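This report describes side-chain pairs, strand pairing and nonpolar cores in one protein chain. The sequence and structure come first.

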Amino acid sequence: MTKIEYQAQYRYDHSDVGIEIPIVLMFGDSEVRLLAKVDTGSQFCIFQRDYAERLGIVVENGIRTSILTAGGTRFDVFGHDVTMSCLEWEFATMVYFAESPGFNRNVVGRTGWLQKFRFALIEYDSMLYLSHYDD
């Protein structure tokens, strides 16, 4: 039997909206707080355009990338370096903001978030366990 220990645990709301965790995005002297869905199928961390604007980020000045969803929908995002805080950790990372103001989802994905952690989920108990990858 393998035993893995985690530094943080978070009880998420067991609802139909998915597994959401608290995130803080920081850029310069500005910060925004939000809930983001954990999406292990998403390659990137993607946030609503409004959050970039609230941080003072000019969305189109970032690295343009086209995203194709599992359902076949294509949309454009722009990558920006920010500081992200999640539970007990704060780290520099690249996240993407949607080009369209109508994009209304926030997700943390593999690149920029999940790759930094050891992660466990027990859906039955609505518990998420997290440790930094190097711990």
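In this predicted model, phenylalanine 119 has a relative accessibility of 25% and therefore counts as partly exposed. Its ring pairs with that of tryptophan 113: the centres are 6.0 Å apart and the planes stand at 75 degrees, so the pair is edge-to-face. Tryptophan 113 itself is buried, at a relative accessible area of 0%. Both rings belong to a cluster in which ring pairs link Trp89, Phe91, Trp113, Phe117 and Phe119.

The structure holds eight aromatic pairs. One of them joins phenylalanine 47 to phenylalanine 97, with 6.2 Å from centre to centre and 45 degrees between the planes, and is tilted. Phenylalanine 47 is in strand β4 (residues 46–47) and phenylalanine 97 in strand β7 (residues 89–98), so this pair ties together parts of the chain that are 50 residues apart in sequence. Both phenylalanine 47 and phenylalanine 97 are buried. The two residues are also bridge partners, phenylalanine 97 being the partner in β7 of phenylalanine 47.

A further contact with an aromatic ring involves a charge: arginine 118 lies over the face of tyrosine 6, at 5.6 Å from the ring centre.

**Strands around β7**

Strand β7 pairs with β4 in the parallel sense, over two bridges. With β6, strand β7 runs antiparallel, and 10 bridges join the two. Within this pairing, valine 77 stands opposite alanine 98 in β7. The two strands form a hairpin with two residues between them, and leucine 87 in the turn has a positive phi of about 50 degrees. Seven of the 10 residues of β7 are buried, so this strand is largely enclosed by the rest of the structure.

Beyond β7, in the loop between β7 and β8 (107–108), is glycine 102. Its relative accessibility is 61%, so glycine 102 counts as exposed. Its C-alpha atom is separated by 8.4 Å from that of arginine 49, although the two residues are 53 apart along the chain.

**Nonpolar cores**

What is the size of the largest nonpolar core, and which residues have the most contacts inside it? This core has 31 residues, and those with the most contacts are Ile23, Leu25, Phe47, Met84, Phe97, Val108 and Trp113. At least two residues of the core come from each of β2 (20–27), β3 (30–38), α1, β6, β7 and β10 (127–132). Another core, of nine residues, lies apart from it and includes Phe44, Phe75, Val77 and Val107.

The surroundings of valine 108 can be given in detail. Its neighbours within four places in sequence left aside, valine 108 is in contact with Ile21, Ile23, Ala36, Lys37, Val38, Asp39, Phe44, Cys45, Phe47, Met84 and Trp113.

**Salt bridges**

A search of the whole structure finds seven salt bridges. Three of them are listed here.

| Salt bridge | Closest N to O distance |
|---|---|
| Glutamate 31 and arginine 33 | 3.2 Å |
| Arginine 49 and glutamate 60 | 2.9 Å |
| Aspartate 76 and arginine 64 | 2.9 Å |

The salt bridge of arginine 49 and glutamate 60 connects helix α1 (residues 49–55) with the loop between α1 and β5 (63–68), so it ties together parts that are 11 residues apart in sequence. Arginine 49 has a relative accessibility of 15% and therefore counts as buried, while glutamate 60 is partly exposed at 36%.

Aspartate 76 and arginine 64 link distant parts of the chain, 12 residues apart, with aspartate 76 in strand β6 (residues 74–86) and arginine 64 in strand β5. Aspartate 76 is partly exposed, with a relative accessible area of 21%. Arginine 64 also counts as partly exposed, at 48% relative accessibility. Elsewhere, salt bridges that share partners join Arg49, Glu53 and Glu60 into one network.

For the pair of glutamate 31 and arginine 33, are the two side chains' residues buried or exposed? Glutamate 31 counts as partly exposed, with 42% relative accessibility, and arginine 33 is exposed, with a relative accessible area of 60%.

Key:
Residues are numbered from 1 along each chain as its sequence is written. This is a predicted model: local features need pLDDT of at least 70, side-chain atom pairs count only at pLDDT 80 or more; totals for chains, interfaces and linings use all residues. Side-chain values use heavy atoms; hydrogens and water are left out. A salt bridge is a side-chain nitrogen of Lys or Arg within 4 Å of a carboxyl oxygen of Asp or Glu. Buried means under 20% relative accessible area, exposed over 50%, partly exposed in between (1.4 Å probe, protein chains only). Helices (H or I, at least four residues) and strands (E, at least two) are DSSP runs, numbered from the N terminus. Rings of Phe, Tyr and Trp (its six-membered ring) pair if their centres lie within 6.5 Å; planes under 30 degrees apart count as stacked, over 60 as edge-to-face and the rest as tilted. A charge sits over a ring if NZ of Lys or CZ of Arg is within 6 Å of the ring centre and within 35 degrees of the ring normal. Two strands pair if DSSP finds at least two bridges between them. A nonpolar core is a set of buried Ala, Val, Leu, Ile, Met, Phe, Trp, Tyr and Cys residues joined through side-chain atoms within 4.5 Å. Contact means heavy atoms within 4.5 Å.
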